Amino acid sequence: MSAPSAARNLGPILDVLLPRLPRRGDVLELASGTGQHIAALAAHRPDLTFYPTEPDPMRRIAIDARCKGLPNVAPAGDLDACQRGWAQAEAADAIVVVNLLHLISDAEMSILLDEAARALGPGCVLSLYGPFLRDGAYASDGDRTFDESLRAQDPGIGYKDVEVLRTVLTVLDFSLEVVDMPANNLTILARKGPDPRAIL
Ligand SMILES: C[S@@+](CC[C@H](N)C(=O)[O-])C[C@H]1O[C@@H](n2cnc3c(N)ncnc32)[C@H](O)[C@@H]1O
């Protein structure tokens, strides 16, 4: 199992994430899909332990197959990131989420962010990659078309606004860094605790 989109965005995601991962500890991925991102991250950082998770059982099999030769990757866990309570069993030093937020509702995203805030300690990072609205606006006509197709399938889902995320994550005590990515995507890097620049 292999996702063309993951093959395309892998390099840029590694470029942003690798320098921002913790020096040691555990990295949890939500919605790991085919496992392409976590396998590459784990190969680059043998000093960290990686925990892929994915609710789809066929994808969990694919993740385990892909990560078989990587001793620092745990078996894929069955985790629905939109169900309350998962943070109790999933303390982590970093959480990675690629291309999930536009596929869930606002209420589900609130649960995901709230649980991530509980799972992470001070200084730990939550990374959210995907397509977003910028202050209510689409980044391109292609984004509008894609979002409209998502909402036609399910009016409850679709692109989230980066400004809404900024507000919610600030309330949850994260400091934000937003990085422009290829194909109009963004990586929102939310670090738990106050912005270190505000302390200096
Ligand atoms: C577009 S794919 C992205 C997969 C992978 N992160 C990537 O970028 O290649 C979305 C993934 O989210 C998973 N997913 C859907 N709802 C979820 C939920 N509530 N909690 C966790 N994962 C979910 C799907 O099973 C699917 O693997």
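Strand β1 (residues 25-30) and strand β2 (residues 48-52) lie side by side in this predicted model, running parallel and joined by five bridges. One of the pairings can be picked out by residue: E29 has P52 in β2 as its bridge partner. What links up with these two strands to make a larger unit? Helix α2 (residues 36-44) does, and together β1, α2 and β2 form a right-handed β-α-β unit.

Just before β1 you will meet R23, which sits in the loop between α1 (4-17) and β1. Follow the chain from R23 to D47 and you cover 24 residues, yet the C-alpha atoms of the two are separated by 8.1 Å. Is R23 buried or exposed? R23 is exposed, because its C-beta has 8 others within 10 Å, and a residue counts as exposed at 12 or fewer.

Now step back to the whole protein. It contains seven helices and seven strands. Starting at the N terminus, the order of elements is α-β-α-β-α-β-α-β-α-β-α-β-β-α. The C-alpha atoms fill a box of roughly 45 × 45 × 30 Å along the principal axes. How does the radius of gyration fit with a compact globule? A compact globule of 200 residues would have a value near 16 Å, and the protein has 16 Å, so the two agree.

The inside of the protein comes next. Of the 200 residues, 38% are buried. Among contacts with a separation of 6 or more, 69% are between residues 24 or more positions apart. The largest nonpolar core holds 47 residues, and those with the most contacts inside it are V27, A94, I95, V97, A116, L120 and L126. Leaving aside residues up to four places away in sequence, L120 touches A92, I95, L126 and K192.

Helix α3 (residues 57-66) is a good place to look at two sides of one helix. Its buried residues are R60, A62, I63 and R66. Why do these four share a side of α3? They cover an arc of only 160° around the axis, which puts them on the same side. A general point helps here: an α-helix has 3.6 residues a turn, so residues three or four places apart point the same way. On the other side of α3, P57, M58 and A65 are exposed. As for what lies over the buried residues of α3, the cover includes α2 and β2, the helix and second strand of the β-α-β unit described at the start.

Finally, two loop residues are worth finding for their backbone angles. Most residues other than glycine have a negative phi. D135 has a positive phi, near 50°, and D173 also has a positive phi, near 75°. The table sets them out.

| Residue | Phi | Loop | Other C-beta atoms within 10 Å |
|---|---|---|---|
| D135 | near 50° | between β4 (120-133) and α5 (141-153) | 8 atoms |
| D173 | near 75° | between α6 (162-171) and β6 (174-180) | 14 atoms |

The counts in the table also tell you how each residue is placed. D135 is exposed because 8 other C-beta atoms lie within 10 Å, a count inside the limit of 12 or fewer. D173 is partly exposed, with 14 such atoms, because that count falls between the limit for exposed, 12 or fewer, and the limit for buried, 20 or more.

Methods:
Residues are numbered from 1 along each chain as its sequence is written. This is a predicted model: local features need pLDDT of at least 70, side-chain atom pairs count only at pLDDT 80 or more; totals for chains, interfaces and linings use all residues. Two strands pair if DSSP finds at least two bridges between them. Helices (H or I, at least four residues) and strands (E, at least two) are DSSP runs, numbered from the N terminus. A crossover is right-handed if, with the strands pointing away from the viewer, the path from the first strand over the helix to the second runs clockwise. The radius of gyration is taken over C-alpha atoms; the globule rule is 2.2 Å times the number of residues to the power 0.38. Two residues are in contact if their C-beta atoms, placed from the backbone, lie within 7 Å. A nonpolar core is a set of buried Ala, Val, Leu, Ile, Met, Phe, Trp, Tyr and Cys residues joined through C-beta atoms within 7 Å. The arc is that of the directions from the helix axis to the C-beta atoms.
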